[in-house]
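Student: Please take a close look at how the strands are put together here. I would like one connected account that also covers the helices packed against them and the local backbone features.

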Amino acid sequence: MEKNIFWLENDQLKEIASSFREKVEEGLKHENAEIQCIPTFISPKTSDINGKALVLDLGGTNYRVATVDLGQGSPTIHPNNGWKKDMSIMKSPGYTREELFKELADMIVGIKRDEEMPIGYCFSYPAESVLSGDAKLLRWTKGVDIKEMVGQLVGKPLLDYLNEHCKIKFTGIKVLNDTIASLFAGLTDNSYDAYIGLIVGTGTNMATFIPADKIKKLDPSYNIQGLVPVNLESGNFHPPFLTTVDDTVDAISGSLGKQRFEKAVSGMYLGDILKATFPLDEFENKFDAQKLTAIMNYPDIHKDVYVDVAHWIYNRSAQLVAASLLGLIQLLRSYNKDIQKICLVAEGSLFWSENRKDKNYNILVLEKLQELLNESALADVEIHINNMNNANLIGTGIAALS
C-alpha cells in the first residue's frame, strides 16, 4: 500500500475542530445530542482543599481503594497506587447489587481508620449527575449487567451499606466519571486559566469547565452559577473525513453508528483498523493498540507494509485528538478571551505509549495541536500536558472534600 489513506491535511483537521466545537455547543443546548455534554453537580474547591477522603475507583475490570490526604502541600495517597482487586466477577450472569456491595465493602472494611471521612467514588459507567453530587446509573457497559441498579442512585445505597457494616461512619459520598476526576486533579495547581481532562486509552473522552450560562439545557430552577464541570462523552463525536476502513470497523463493532471518534482514535479499536485495512490477511483475534505499537516498535519481525500502516493509524489517532482539543480550546476562548494558559491532565495507556522508531503519541498530539493553534490565530495559548500519577484518585479526593 503506497498511499496513506489515513493522512489528514491541516485544513481537514481544522474542519474537524470546527465540527467538534459545533457539536459541543449543540450538546450544551439539548439532551441526547451527538456529544452529550453531561453536567456534573460537584463544585470542586480550587484552594484550601483540606482533609482526608476514602476514594473508590471502579473501572471495567479493576477496583481500587485508597485514602487521599489533601492537607498542606502535595496530595498523599495511601497506599501509593491504592489497593487493587480484580472485579471481572461483576460480569457473571445474575450477579446482584448485594454481591457487588459486599465485594466493594470487603476492601474498605479492612482499611484502618480512626476518623469519619467522606467518600469519593470514581464510577466509570454512564451515569447522570444529580444535584446532591450523587449520580444515577443510565446503563451498564463493558459486559456488566446488574439490572436492579439501572436508573437508581449509585452512591447513596453504597454509603448506607457501608455505614451499616463499619464502626466508624462515612460522612457523605460524591460520584463522578473518570474524565471529571482527571479534570479535577489539575486543580492542585491553581495557576492556570482553564483545565481540560483527557483520556486516550482503551476508550477516549474529554471533560472541561463550562460557564453555567452557556449550558442552555440546565434547568433554571437549579439556580447554578459559575463554572460547571462537564463530561463531554466526546467518544461519540462523528468526525468528517473518516475512511471506508473506518466504516468497516464500525459495521463489525456491534454498535453501528455509535462512538465513531472512539473507533478511530482509541486503543480498543486501532488493531481492528489495521485488520480491516488488510481484509484478506490473517491476524489473531485480540489485536489492540498494544499489538499495533509492537509492530511499530519491532519492525524487523513484521511485514514492511504492516509497519507503515501501523504508523499511519497511530499518527492519525494523535492528529484527531489534537483537532478535537483545538475545537474545545476555540470554544473556551470564545467564552473568555483571557484564557491563555491551559492545563491538560491526560491519562490513558495509548496517550502515554512509546514509539521507539518515531515520536511518542503525546509528542505527536502536542506538536500537531501547537501547529493548529498557530494557524488558527491562537498562538498565544500555552498548553501544559500534565502526566500526573494517580490523577483519578486525586481528583476523586478533591470531589469528596468539596
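Tutor: The helices and strands named below are DSSP runs numbered from the N terminus, with H or I over at least four residues for a helix and E over at least two for a strand. The model is a predicted one, in which local features need pLDDT of at least 70 and side-chain atom pairs count only at pLDDT 80 or more, while totals for chains, interfaces and linings use all residues. Residues are numbered from 1 along each chain as its sequence is written, and side-chain values use heavy atoms, with hydrogens and water left out.

A good place to start is strand E4, because that is the DSSP run in which Pro79 is found. Pro79 is joined to His78 by a cis peptide bond, with omega at about -10°. As a general background, most residues other than glycine have a negative phi, and most peptide bonds are trans.

E4 (76-86) belongs to an open sheet of five strands, whose order is E4-E3-E2-E5-E8 and whose pairing is mixed; two strands pair if DSSP finds at least two bridges between them. At the edges of this sheet stand E4 and strand E8 (170-176), each of which pairs on one side only. On average, and with direction ignored, neighbouring strands of the sheet are turned by 20° against each other, where axes are lines fitted to C-alpha atoms (for helices over the stretch in contact) and angles run from 0 to 180 degrees between N-to-C directions.

Moving inward, strand E2 (residues 52-58) has six of its seven residues buried, a label given under 20% relative accessible area, with exposed meaning over 50% and partly exposed in between (1.4 Å probe, protein chains only). Towards strand E3 (residues 62-69), E2 is joined by seven bridges and the two run antiparallel, with Asp57 standing opposite Arg64 in E3. Towards strand E5 (residues 117-123), by contrast, E2 pairs in the parallel sense over five bridges, and here Leu58 stands opposite Phe123 in E5.

Just past that pairing comes Ser124, in the loop between E5 and strand E6 (127-129). Because its relative accessibility is 10%, Ser124 counts as buried. Once its neighbours within four places in sequence are set aside, Ser124 is in contact (heavy atoms within 4.5 Å) with Leu58, Gly59, Lys142 and Asp178.

Two helices can be placed against this sheet of five strands, ordered E4-E3-E2-E5-E8. Helix H4 (residues 178-185) packs on the sheet by touching E5 and E8, and its direction makes about 105° with that of E8. Helix H11 (residues 391-400) also packs on the sheet, where it touches E2, E3, E4, E5 and E8, and its direction makes about 125° with that of E2.

A further open sheet has six strands in the order E1-E11-E10-E9-E12-E13, again with mixed pairing. Strand E1 (38-39) and strand E13 (382-386) are its edges, and each has a single partner strand, so one side of each is left without a neighbour in the sheet. Within this order, strand E9 (residues 194-200) and strand E10 (residues 204-211) run antiparallel and are joined by five bridges, with Ile199 standing opposite Asn205 in E10.

Helix H9 lies across E9, E10, strand E12 (341-347) and E13, and runs at about 5° to E10. H9 (residues 304-335) also packs with helix H10 (residues 361-375) at an angle of about 45°, and their axes are 8 Å apart. The residues that meet there include Tyr314, Ala318, Leu325 and Ile329 in H9, and Tyr361, Leu364, Lys368 and Leu372 in H10.

Two loops that lead to strands of the six-strand order complete the account. Asn32 is placed in the loop between helix H1 (10-29) and E1, and its phi is near 55°, a positive value in a residue other than glycine. Asn32 counts as exposed because its relative accessibility is 69%. Asn223, in the loop between E10 and strand E11 (227-231), has a phi near 55° and is likewise a residue other than glycine with a positive value. With a relative accessibility of 59%, Asn223 counts as exposed.
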